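Thanks for sharing this one. Here are some notes to read alongside the structure, starting with a pair of charged side chains and ending with a pair of helices.

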Amino acid sequence: MTEQLKKGSFIPQDFEFAFSAANDYTSLNIALSDEEKLHLMGRIDRVDVCEQGDKVYVKVIDYKSGNKSFDLAAVYMGLDLQLVVYLNAALEYISKKYEKYDDRDTVIPAGIFYYHIDDPMINADGSDPMTDEEINEKILGELKMSGLVNSDEEVYRLMDKDFDTRSSVIPVSVKKDGEFGQGSSVASTEEFKNLSDYVNQKISEMGTKILNGDIKIEPHKRSEKDDPQCKYCDYAGICGYRGEGTVPDS
């Protein structure tokens, strides 16, 4: 993590930043009707900022003990909204903390990331022993964060000012013609805004279903090879779901 920070210009602003209804953030209090609101609460492992001129760039990082990857399709289906909710809270938090940055045109999302806390083993390529520098670079590559990065070149180079064609700390690579390479996970500032609005809409839909008593048994299965996560559920005995698309008779 230290090496990742040294490669960029971002500075950790907060660790273990907790938010709740008490914060009175617009992004965390989502209207379900004229009388009802859904209040979100959570804790962001780390919020980093970088001030540049009249703008401040914000990135959020969530530490994971497992090797979790960011999946935009999972966000679209409402299965993984955590990082975007964190970003919404962090952007509003920074705009209130830094009073001169008071709107979405000056507080800019730089990225949302999962960081896998790990101690990876490195396999040597070839018969020649690797130098300490080569080993450290490979370790850094193994610990590259998974997430979504702002596609503005100024922004992503603020997170890795040293990389030439492929970053060792964020999921960005650039081809000779300047286009993003395969495996890059990027979105424009406007696309980040659209993603934020979409997630809020998705949360509103979920909250409305909860209030309406919607308790249908419908575990998600993305493909034939992808089994629902029912074996990890504490309520499998109550639900009665048996897998392979089969639900109880009553």
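1. Let me begin with lysine 59, which forms a salt bridge with aspartate 48; the closest N and O atoms are 3.6 Å apart. Lysine 59 belongs to strand 5 (residues 55-64) and aspartate 48 to strand 4 (residues 42-52), so this pair ties together parts that lie 11 residues apart in sequence. Please keep in mind throughout that this is a predicted model.

2. Are the two partners of that bridge buried or exposed? Lysine 59 is buried, and aspartate 48 is buried as well. Buried here stands for a relative accessible area under 20%.

3. The pair also has company: Arg46, Asp48 and Lys59 are linked in a network of salt bridges. If you are viewing Asp48 and Lys59 together, do bring Arg46 into the picture too.

4. How many salt bridges does the structure hold? The count is 11, and two further examples follow below.

5. Aspartate 54 and lysine 55 meet through their side chains in a salt bridge, at 3.6 Å from N to O. Aspartate 54 has a relative accessible area of 53%, so it counts as exposed, the cut-off being over 50%. Lysine 55, with a relative accessible area of 27%, is partly exposed.

6. Lysine 216 and aspartate 214 also join their side chains in a salt bridge, with an N to O distance of 2.9 Å. Lysine 216 is exposed, at 53% relative accessibility, whereas aspartate 214 is partly exposed, with a relative accessible area of 29%.

7. Now to the helices. At what angle do helix 3 (residues 82-97) and helix 6 (residues 189-211) pack? The angle is about 110°, and the axes of the two helices are 10 Å apart. Angles of 65 to 115 degrees count as roughly perpendicular, so helix 3 and helix 6 fall into that class. The crossing in which helix 3 passes helix 6 is left-handed.

8. Which residues make this contact? Helix 3 contributes Val84, Val85, Leu87 and Asn88, while helix 6 contributes Phe192, Leu195, Ser196, Val199, Asn200 and Ile203. Sorted by character, the residues of the contact between helix 3 and helix 6 comprise seven nonpolar and three polar ones, with no charged residue.

9. To pull the threads together for your own reading: the bridge between lysine 59 and aspartate 48 has two buried partners, and the contact of helix 3 with helix 6 has no charged residues.

Notes:
Residues numbered from 1 in each chain as written. Predicted model: local features only at pLDDT ≥ 70, side-chain atom pairs only at ≥ 80, totals over all residues. Heavy atoms only, no water. Salt bridge = Lys/Arg side-chain N within 4 Å of Asp/Glu carboxyl O. Helix = DSSP H or I, 4+ residues; strand = E, 2+ residues; numbered from the N terminus. Buried < 20%, exposed > 50% of the residue type's maximum accessible area, 1.4 Å probe, protein only. Axes fitted to C-alpha atoms, helices over the stretch in contact; angles between N-to-C directions. Parallel < 35°, antiparallel > 145°, perpendicular 65-115°, else oblique. Left-handed = near helix turned anticlockwise from the far one by under 90°. Contact = heavy atoms within 4.5 Å. Nonpolar A, V, L, I, M, F, W, Y, C, P; charged D, E, K, R; others polar.
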